Every structure is written in structure tokens, then in C-alpha cells.
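Here is a short tour of one protein model, with an eye on its surface. Take a look at the structure first, and then read on.

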Amino acid sequence: MKKIFIIMITVFLNMAFLSCTPQNSLSEEAAPQACCDDDTHIPPPPPPPPPPGDGNG
């Protein structure tokens with residue numbers, strides 16, 4: 001019975017100290033990303049290559 005109690009306390013303490021909290025997730029700074037309102041122009045992708053011939057000629 002004492003071993004089970006010690007295991008439960010250990011698991012609870014690990015969960016308490018190692019769990020993620022919303023405050024920790026929100027406090028991390030994220031790098032700004034480009035958005036639709038930016039003045040940078042992104043060209044469209046090139047067209048796909050033409051399909052190969054049938055090999056008869």
C-alpha cells in the first residue's frame with residue numbers, strides 16, 4: 001500500500017511540474033509572418049511541364 005501511495009505522489013508531482021500551461025504557451029514570442037496586406041509580391045508558380053510524347057516518333 002505504501003508503494004502505491006509513493007507512485008501516485010510521484011506521478012502527480014511529475015504531471016504538475018511538467019505539464020503545459022496556457023501562460024507558458026502564450027508568453028513565447030513567435031516570429032512575425034507575412035500576411036496578405038504586406039507590399040511584397042509573390043509570383044505565381046511556373047506552369048507544369050508538358051506531358052511526354054507517346055514514344056513513337
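## How a patch is defined

Patches are built from residues with over 30% relative accessible area and no salt bridge; like charges are joined within 9 Å, and nonpolar side chains (Val, Leu, Ile, Met, Phe, Trp, Tyr) within 5 Å. A salt bridge here is a side-chain nitrogen of Lys or Arg within 4 Å of a carboxyl oxygen of Asp or Glu. Accessible areas follow the Shrake-Rupley method with a 1.4 Å probe, and for residues only the protein chains shown count as cover.

This is a predicted model: local features need pLDDT of at least 70, side-chain atom pairs count only at pLDDT 80 or more, and totals for chains, interfaces and linings use all residues. Residues are numbered from 1 along each chain as its sequence is written, and side-chain values use heavy atoms, leaving out hydrogens and water.

## The nonpolar patch

F5, I6, I9, F12, L13, F17 and L18 together make a nonpolar surface patch of about 800 Å².

## The whole protein

The protein exposes about 6300 Å², with 67% of that supplied by carbon and sulfur atoms.
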